[in-house]
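Here is a short briefing for a first look at this chain. Keep the sequence and the model side by side as you read.

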Amino acid sequence: MDRVPDYESVGWAFESPRAHLNALIGGVTMVRNANRDEYFMGLAIHEAKKALERKEVPVGALIVKEGEIIARGFNGCMNYSDPTAHAEILTIRRACKTLNNNNLSNCTLYVTLEPCIMCLKAMSLAKINVFVFGAYDSDMGAVESTWNLVNEKVFNYDVVFRGGVKEKECSELLKDFFNKIRKEQKNEKEI
Ligand SMILES: [Zn+2]
């Protein structure tokens, strides 16, 4: 298992005006250790790149407990012929297997894309306390972009989140992927 380097002493910081605003609004968002989150998001991006190699939409995730990675995963909808095989779902399943427990309280989930409704609910069923995401999803984002569902109806316990960590890197992976698909489709039409 990977040990997180000694980032925890670096302290707390706001990464963006949006994060600052969320913190001011209070409630479910809190300020997290920026360097620690960036470190793990970097590893989630590494997972997203594995999805890319398999021609999947590049989204990667991992789950951390007490500074240790207990599960990793990436989107597998095409390869598994399963529309529910989002990175978060696969990673939650693996983390539960690792702990031999369906309760992931005191775990943090990192994912390169804002979770959808399905994944948000799956996180609440798994009792994930903290989640951190990278790119915002204007189509299916259930946290801030399209819906704002981090509330007592979805989570019946306190949950905190932070969005936009390594946002540029996460969203560029996705943009490049979809641009490539569009190009390929255009070329096919022209043939
Ligand atoms: Zn999802």
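Leaving aside its neighbours within four places in sequence, which residues is Thr-84 in contact with? The partners are Ile-89 and Met-118. This is a predicted model. The protein chain has 191 residues, and 38% of them count as buried. The points below go from the overall layout to single residues.

**Overall layout**

- The protein chain holds five helices and five strands.
- Read from the N terminus, the order of elements is α-α-β-β-α-β-α-β-β-α.
- Take the contacts in the protein chain with a separation of 6 or more: 57% of them join residues 24 or more positions apart.

**The nonpolar core**

- The largest nonpolar core has 44 residues.
- Leu-62, Leu-109, Tyr-110 and Val-111 touch the most other members of this core.
- Helices H2 (34-53), H3, H4 and H5 (167-190) each give two or more residues to the core.
- Strands S1 (60-65), S2 (68-74), S3 (107-113) and S4 (130-135) do so as well.
- In soluble globular proteins, nonpolar side chains tend to be buried together.
- Leu-109 can be followed residue by residue. Not counting residues up to four places away in sequence, Leu-109 touches Ala-61, Ile-63, Glu-88, Thr-91, Met-123, Ile-128 and Phe-131.

**Helix pair H3 and H4**

- Two packed helices are described by the angle between their axes and the distance between the axes.
- Helix H3 spans residues 87-99 and helix H4 spans residues 117-125.
- Their axes are 9 Å apart and make an angle of about 20°.
- Angles under 35 degrees count as roughly parallel, so H3 and H4 are roughly parallel to each other.
- The crossing of H3 and H4 is left-handed.
- On the H3 side, the meeting residues are Glu-88, Ile-89 and Ile-92. On the H4 side, they are Cys-119, Ala-122 and Met-123.
- By class, this contact of H3 with H4 has five nonpolar residues, one charged residue and no polar ones.

**Helix pair H2 and H5**

- H2 and H5 pack at an angle of about 5°, and their axes are 11 Å apart.
- H2 and H5 are therefore roughly parallel to each other.
- H2 brings Ile-45, Ala-48 and Leu-52 to the contact. H5 brings Glu-169, Cys-170, Leu-173 and Phe-177.
- By class, the contact of H2 with H5 has six nonpolar residues, one charged residue and no polar ones.

**Links across the sequence**

- Thr-84 sits in the loop between S2 and H3.
- Is Thr-84 buried or exposed? Thr-84 counts as exposed, because it has 12 C-beta neighbours inside 10 Å.
- Thr-84 and Met-118 are 34 residues apart along the chain, yet their C-alpha atoms are separated by 8.1 Å.
- Ile-70 lies in strand S2.
- Ile-70 has 19 other C-beta atoms within 10 Å, so it is partly exposed.
- Leaving aside neighbours within four places in sequence, Ile-70 is in contact with Ile-63, Lys-65, Ala-95, Thr-98 and Leu-99.
- Ile-70 and Cys-96 are 26 residues apart along the chain. Their C-alpha atoms are separated by 9.0 Å.
- Glu-66 is in the loop between S1 and S2.
- Glu-66 is exposed, because 9 other C-beta atoms lie within 10 Å.
- How far apart in space are Glu-66 and Asn-106, C-alpha to C-alpha? They are 7.8 Å apart, with their positions 40 residues apart in sequence.

**Positive phi values**

- Most residues other than glycine have a negative phi.
- Ser-81 is not a glycine, yet its phi is positive, at about 50°.
- Ser-81 is found in the loop between S2 and H3.
- Ser-81 has 8 other C-beta atoms within 10 Å, so it is exposed.
- Lys-166, a residue other than glycine, also has a positive phi, near 55°.
- Lys-166 is placed in the loop between strand S5 (160-162) and H5.
- What does Lys-166 count as, buried or exposed? Lys-166 counts as buried, because it has 22 C-beta neighbours inside 10 Å.

Terms used
Residues numbered from 1 in each chain as written. Predicted model: local features only at pLDDT ≥ 70, side-chain atom pairs only at ≥ 80, totals over all residues. Axes fitted to C-alpha atoms, helices over the stretch in contact; angles between N-to-C directions. Helix = DSSP H or I, 4+ residues; strand = E, 2+ residues; numbered from the N terminus. Parallel < 35°, antiparallel > 145°, perpendicular 65-115°, else oblique. Left-handed = near helix turned anticlockwise from the far one by under 90°. Contact = placed C-beta atoms within 7 Å. Nonpolar A, V, L, I, M, F, W, Y, C, P; charged D, E, K, R; others polar. Buried ≥ 20, exposed ≤ 12 C-beta atoms within 10 Å, placed from the backbone. Core = buried A, V, L, I, M, F, W, Y, C linked by C-beta atoms within 7 Å.
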